[in-house]
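Dear colleague,

Please find below the structure that I am handing over to you. After it, I set out what was found, in an order that may be followed with the model open.

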Amino acid sequence: SCQESYSRTYASLVKLHILHELENAVELISQTDNIEYSSNQLVKSFNWVNRLEMMSSSLRQQNVVLSVQRSILSLFNMSDLLSNHWLSTCQTMRKLRHYDSAMLALHQAKLNNLPGTKSLIEECKILKDSGQTAKALILIEPVEIDVLAIRNTWKLSLKNQSNLPNYLNTH
């Protein structure tokens, strides 16, 4: 009973949170002088990051708020802030081990002009964290990895009880 009451109350709090985000958008619209500068300053003053940290870690709840925030940024053509917002979402998804969602968020960040080096590094982090280290290495330094030669070197070092070459030693 108590948990059910909490769930209903929290859903209402999320709706209030969204209304506050929309109120922030109206505040942006009401700015008339130097809209470019004031919009960026106002968005930064909204303190979105801290407000999201206070929310439940439920992705379902946070995604609704994040979507509203991205809509506000899109409405005002703030592609830099929008790409950073998507990048932040990507990093959160990666840390939660939602790798497909992280890649989708990264794709959206790229569509909103995320610089190539940032997107490359983040993609490599996703690949590494998802167990695709070889693919991540190929993205960073596109050279052919000879897995068979590495495996043979590994077996030979085990057989001879010798040390691995430094480039294969992970300790």
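**Charged pairs**

Lys128 and Asp129 form a salt bridge through their side chains, with 3.2 Å from N to O. Please note from the outset that this is a predicted model. Asp129 is partly exposed, at 30% relative accessibility, and Lys128 is also partly exposed, with a relative accessible area of 49%. This pair does not stand alone: salt bridges that share partners join Arg94, Glu122, Lys128 and Asp129 into one network.

Within that network, the side chains of Arg94 and Glu122 meet in a salt bridge at 2.7 Å, again N to O. Arg94 belongs to helix H5 (residues 79-95) and Glu122 to helix H7 (residues 116-129), so this pair ties together parts that are 28 residues apart in sequence. Are these two residues buried or exposed? Both Arg94 and Glu122 are buried.

A further salt bridge links Lys110 with Glu123, whose closest N and O atoms are 3.3 Å apart. Since Lys110 lies in helix H6 and Glu123 in helix H7, the pair ties together parts that are 13 residues apart in sequence. Lys110 is partly exposed, with a relative accessible area of 37%, whereas Glu123 is buried, at 17%. In total, the count comes to four salt bridges.

**A buried charge without a partner**

Arg70 lies in helix H4 (residues 59-75). Which side chain of opposite charge is nearest to Arg70, and how far away is it? The answer is Glu21, at 12 Å; Arg70 is buried yet has no salt bridge. A salt bridge requires a side-chain nitrogen of Lys or Arg within 4 Å of a carboxyl oxygen of Asp or Glu. Residues up to four places away in sequence aside, Arg70 touches Asn63, Leu82, His85, Trp86 and Thr89.

**Two residues of helix H7**

Glu122, already met above, is found in helix H7 and is buried, with a relative accessible area of 2%. Beyond its neighbours within four places in sequence, Glu122 is in contact with Leu87, Cys90, Gln91, Arg94 and Leu106. Glu122 and Met103 are 19 residues apart in sequence, and their C-alpha atoms are 9.1 Å apart in space.

Leu127 also lies in helix H7. At 4% relative accessibility, Leu127 counts as buried. Which residues does Leu127 contact, leaving aside its neighbours within four places in sequence? They are Gln132, Thr133, Lys135, Ala136 and Leu139. Leu127 and Tyr99 are 28 residues apart in sequence, with 8.1 Å between their C-alpha atoms.

**The nonpolar core**

In soluble globular proteins, nonpolar side chains tend to be buried together. Here, the largest nonpolar core has 27 residues. Those with the most contacts inside this core are Val14, Met55, Val65, Ile72, Leu73, Cys90 and Leu106. Helix H1 (2-30), helix H3 (48-53), H4, H5 and H6 each supply at least two residues of the core. Which helix gives the largest share? H5 does, with six residues. As for Val14, residues up to four places away in sequence are again left out; Val14 touches Met55, Gln61 and Val65.

**The chain as a whole**

The protein chain contains nine helices and zero strands. Of its 171 residues, 32% are buried. The chain exposes about 11,800 Å², and carbon and sulfur atoms supply 55% of that area. Among contacts between residues at least 6 apart in sequence, 47% join residues at least 24 apart.

**Confidence**

The mean pLDDT of the protein chain is 80, and 81% of its residues reach 70 or more. Where in the chain is confidence lowest, and where is it highest? The lowest confidence is in helix H2 (residues 35-45), at a mean of 63, and the highest is in helix H6 (residues 99-111), at 94. Where pLDDT is low, the predicted coordinates should not be read in detail.

With kind regards

Key. Residues are numbered from 1 along each chain as its sequence is written. Side-chain values use heavy atoms; hydrogens and water are left out. Helices (H or I, at least four residues) and strands (E, at least two) are DSSP runs, numbered from the N terminus. Buried means under 20% relative accessible area, exposed over 50%, partly exposed in between (1.4 Å probe, protein chains only). Lys and Arg count as positive and Asp and Glu as negative; His and the chain ends are not counted. Contact means heavy atoms within 4.5 Å. pLDDT is the predictor's confidence in each residue, from 0 to 100. Accessible areas come from the Shrake-Rupley method with a 1.4 Å probe; for residues, only the protein chains shown count as cover. A nonpolar core is a set of buried Ala, Val, Leu, Ile, Met, Phe, Trp, Tyr and Cys residues joined through side-chain atoms within 4.5 Å.
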